[in-house]
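The exercises below concern strands, sheets, helices and cores. Each gives a task, then a solution in steps.

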Amino acid sequence: MSSYLKSICFGFAPALQKTTSFSSLKVGAVNRSLNSFTGIGGKGANTARMIGQLGGECLLVGFYGGKNGERYLDLLSKESVENKHIHVSGETRLCHTLLQKDGQITELVEEMPLLKKSEVFLMEQEIEKLDLSGIVSICGKLPKGCPDDFYAKISLLVKQQGGSAVIDTQGDPLIKALKFNPFVKINKEELFITTNKSDLFVAAEILLEEGANGLLVTDGKYPATLFLDGSIYMFHPPSINIKNSIGSGDAVMAGMNFKLSRGCSVYDSVYFGIVCGVSNAMTSTCGNINTEDIKNLINDIEVKRM
């Protein structure tokens, strides 16, 4: 029997993710594509998929609806992603990434349709059946119709069962969950929006004082900052040829989850997560990690303790 901790990923805002490449884009004009690809999107789904790409196992829990939702589940099945999804009346969203040869990336994001109270109730029933004693990733914005304390309820259950929650979201759903001491992974822009502050250290202190059990703030190609046990670490990624950075934050979550479930320290798990984020940015489609890239990158992250 495996000694690894159980891994569950909540992703309540799944998507089909279409990626299209162009020589260049001009607003208000006809733009002809070079190529196009449709795959899986959404923070939770990407995190679960990339845990699998690393060789881990993870149960993905979420909602799906309509023809897009059926295609989404089919794609999960083809990638052998274990999942439990509640069917809803709204159509699963379609998001679109536009890539240009000069490296510019444009993201067109649909929002999840409003959930019915009955659909949220069904999800609550499913969550109560789950074993949350391992590593639990809570990813993405809450769909409309979910109460703001929905993530807080999950975080409480995780804490009661002796598990460890890692949360990647923003706004009130994050703030309400902090009293149950999850580890927080958030990008700098969302951190500033959540705290209404524009200073990294002031904003970080707010989340830590509210109860965050550690905090990782990512900032795209710029250094990520880890606040852990009273210490601050800066992770400087190497210079790379960025093909598509969409999903790199999810890759960080996947790498962290993968290592934490194997009993690694938070620091080592964050380091590995940063490597995974860099690997994702080196691929043309979002939500993909190349294990060979990881081997080549594993010693290329410069860490400075402040």
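**Exercise 1.** State in which sense β10 and β11 pair, and over how many bridges.

Step 1. Strand β10 (residues 183-187) runs parallel to β11, and 4 bridges connect the two. Strands here are DSSP runs of E with at least two residues, helices are runs of H or I with at least four, and both are numbered from the N terminus. Two strands count as paired if DSSP finds at least two bridges between them.

Step 2. Isoleucine 186 has valine 217 in β11 as its bridge partner.

Step 3. The model is predicted: local features need pLDDT of at least 70, side-chain atom pairs count only at pLDDT 80 or more, and totals for chains, interfaces and linings use all residues. Residues are numbered from 1 along each chain as its sequence is written, and side-chain values use heavy atoms, with hydrogens and water left out.

**Exercise 2.** Follow β11 to its other partner, β12, and say how much of β11 is buried.

Step 1. β11 pairs with strand β12 (residues 222-228) in the antiparallel sense, over 4 bridges. Valine 217 stands opposite threonine 225 of β12.

Step 2. The hairpin of β11 and β12 has 2 residues between the strands, and glycine 220 takes a positive phi near 60 degrees there.

Step 3. Of the 5 residues of β11 (residues 215-219), 4 are buried, so the strand is largely enclosed by the rest of the structure. Buried means under 20% relative accessible area, exposed over 50%, and partly exposed in between (1.4 Å probe, protein chains only).

**Exercise 3.** Place these strands in their sheet and find its edges.

Step 1. The sheet is open, with 10 strands in the order β5-β4-β1-β8-β9-β10-β11-β12-β13-β14 and mixed pairing.

Step 2. β5 (83-87) and β14 (302-305) each have a single partner strand, so one side of each is left without a neighbour in the sheet. The twist averages 15 degrees from one strand to the next.

Step 3. β1 (residues 7-11) and β8 (residues 135-139) are parallel and share 5 bridges. Glycine 11 stands opposite cysteine 139 in β8.

Step 4. Helix α4 (residues 150-160) packs on this sheet, touching β1, β8 and β9 (164-168), and its direction makes about 175 degrees with that of β8. Contact means heavy atoms within 4.5 Å; axes are lines fitted to C-alpha atoms, for helices over the stretch in contact, with angles from 0 to 180 degrees between N-to-C directions.

**Exercise 4.** Describe the second open sheet, whose order is β3-β2-β6-β7.

Step 1. This sheet has 4 strands with mixed pairing. Its edge strands are β3 (35-41) and β7 (105-108), each pairing on one side only.

Step 2. β2 (residues 15-22) and β3 run antiparallel and are joined by 7 bridges. Lysine 18 has threonine 38 in β3 as its bridge partner.

Step 3. Helix α2 (residues 66-78) packs on the sheet and touches β2, β3 and β6 (93-100).

Step 4. Is serine 21 of β2 buried or exposed? Serine 21 has 15% relative accessibility, so it counts as buried.

**Exercise 5.** Give the axis distance and crossing angle of α8 and α9.

Step 1. The axes of α8 (residues 248-260) and α9 come within 7 Å and cross at roughly 145 degrees.

Step 2. α9 (residues 266-281) has 16 residues, of which 13 are buried.

Note on methods
Expected span 1.5 Å × (residues − 1).
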